[in-house]
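Reader: I've got this one open on my screen and I'd like a close look at a single part of it. Could you walk me through one spot and then work outwards from there?

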Amino acid sequence: MSNAKKSLEGKRVVLMGASSGIGFATAKAAAEEGANVVIVSSNQQRIDNALAELPSGSEGFAVDLSKEENIKEFFGKIGSFDHLVFSAGENLTLNNISETDIDQARDFFTLRFWAPFAAIKYGASSINEGGSISLTSGTASARPGAGWSVASAICGAMEGFVRAMAVELAPVRVNCVVPGVIKTPLWDSMPESDREGLYQYVSNSVLAKRVGEAEDVAEGFIYLMKQKHGTGQSLVIDGGTLLV
């Protein structure tokens with residue numbers, strides 16, 4: 001890639017939840033744009049595997065993002081940076097509300113909502129001028145299916161949080177990406193036949209006629225880092241899911 005195309009040259013990008021899936025795809029894309037990437041995940045082995053595919057000089061940290069104190073400690077030691085991307089999330093259990101364990105439902109908010117909340121609380125002051133924060137929502141906020149009450153609530157909360165932070169942290173830009181169904185390890189807890197059935201159903205249903213890939217969403221995160229004027233926005237990358 002020519003230097004003219006490396007629009008993130010010299011920028012330091014912190015990616016939380018970046019040892020696999022969308023986060024890792026975004027780390028690779030940012031590195032290709034010239035960024036110095038810092039990946040964060042809970043598993044050291046996955047970090048090591050990811051670093052083996054990233055350019056020399058990339059950094060990796062094993063951090064349990066479910067603990068506020070760990071997030072505070074992490075940002076206390078890494079110094080300044082330009083862009084923060086948060087895409088961490090565990091596999092959700094989908095149940096109708098009559099079958100939902102409320103304590104378990106509360107736990108799902110820990111990593112998917114309160115962890116990015118803490119990341120901004122402790123990391124925002126270290127973002128360089130012209131920097132940005134990009135979080136992750138999902139189309140369940142606007143078009144949930146039966147059994148998606150918790151997922152829909154988390155996604156809706158995230159989009160409201162993004163708008164609030166765009167106002168509070170200005171001029172730091174704060175946005176989120178809103179993926180549809182994407183082929184990532186998120187779905188690995190499903191039996192393989194059910195997972196393939198989901199992918200086939202989505203491929204037949206959405207306007208793009210295929211399931212999204214992690215790289216599709218990564219391009220959205222790269223755009224949100226590179227553009228200079230959009231903030232408080234939710235960038236939908238769903239193959240047309242919300243239109244059908």
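Leaving aside its neighbours within four places in sequence, which residues is S126 in contact with?

Author: Happy to. One caveat before we start: this is a predicted model.

Your serine, S126, touches F75, G79, S80 and F81 once you set aside the neighbours within four places in sequence. As for where it sits, S126 is in the loop between α4 (102-123) and β5. Being in a loop doesn't leave S126 out in the open here: its relative accessible area is 18%, and buried means under 20%, so S126 counts as buried.

Now follow the chain out of that loop and into β5. This strand covers residues 127-136, and it runs parallel to β6, with five bridges joining the two. If you want one pair to click on, take I133, whose bridge partner in β6 is V174.

That brings us to β6 itself, which is worth a pause. The strand takes in residues 173-179, and seven of its seven residues are buried. In a regular strand, side chains alternate between the two faces of the sheet. You can see two sets of residues in β6: R173, N175, V177 and P179 point one way, while V174, C176 and V178 point the other way. Both sets are buried, the arginine R173 and the asparagine N175 included.

β6 has another parallel partner too. Strand β9, residues 234-237, pairs with β6 over four bridges. Here the pair to look for is V178 with V236, the latter being in β9. So much for the strand; now for what leads into it.

Step back along the chain from β6 and you reach a loop that connects it to α5, and P171 is in that loop. Check the peptide bond between A170 and P171: it is cis, with omega at about 15 degrees.

Further back is helix α5, residues 149-168, and A166 is one of its residues. A166 has a relative accessible area of 10%, which makes it buried. Apart from neighbours within four places in sequence, A166 is in contact with V172, V174, T231 and G232. You've met V174 already: it is the β6 bridge partner of I133. For a sense of distance, try drawing a line from A166 to G240: their C-alpha atoms are 26 Å apart, with the two positions 74 residues apart along the chain.

There's a second parallel pair elsewhere in the fold that makes a nice companion to this one. Strand β1 (residues 12-16) and strand β2 (residues 36-41) run parallel and are joined by five bridges. R12 is matched with N36 of β2. β2 is mostly covered, with five of its six residues buried.

Helix α1, residues 21-32, is where you'll find A25. At 7% relative accessibility, A25 is buried. Beyond the neighbours within four places in sequence, the contacts of A25 are A214, E215 and A218. I78, on the other hand, is 53 residues from A25 along the chain, and the two C-alpha atoms are 22 Å apart.

For contrast, have a look at K209, in the loop between α6 (192-205) and β8 (212-213). This lysine is exposed, with a relative accessible area of 52%. Its backbone is worth a check as well: phi of K209 is near 60 degrees, a positive value in a residue other than glycine.

Zooming out, the protein has seven helices and nine strands. Its radius of gyration is 17 Å, close to the 18 Å that the globule rule gives for 244 residues, so the protein is as compact as a globular protein of that length. The C-alpha trace spans about 45 × 40 × 35 Å along the principal axes.

Burial can be put in the same wide view: 46% of the 244 residues count as buried. Among contacts with a separation of 6 or more, 70% are between residues 24 or more positions apart. On the outside, the protein exposes about 12,000 Å², and carbon and sulfur atoms supply 50% of that. As for charge, there are 21 positive and 28 negative charges, and their mean positions are 5 Å apart.

Definitions and conventions. Residues are numbered from 1 along each chain as its sequence is written. This is a predicted model: local features need pLDDT of at least 70, side-chain atom pairs count only at pLDDT 80 or more; totals for chains, interfaces and linings use all residues. Side-chain values use heavy atoms; hydrogens and water are left out. The radius of gyration is taken over C-alpha atoms; the globule rule is 2.2 Å times the number of residues to the power 0.38. Buried means under 20% relative accessible area, exposed over 50%, partly exposed in between (1.4 Å probe, protein chains only). Contact means heavy atoms within 4.5 Å. Accessible areas come from the Shrake-Rupley method with a 1.4 Å probe; for residues, only the protein chains shown count as cover. Lys and Arg count as positive and Asp and Glu as negative; His and the chain ends are not counted. The place of a charge is taken as NZ of Lys, CZ of Arg, CG of Asp or CD of Glu. Two strands pair if DSSP finds at least two bridges between them.
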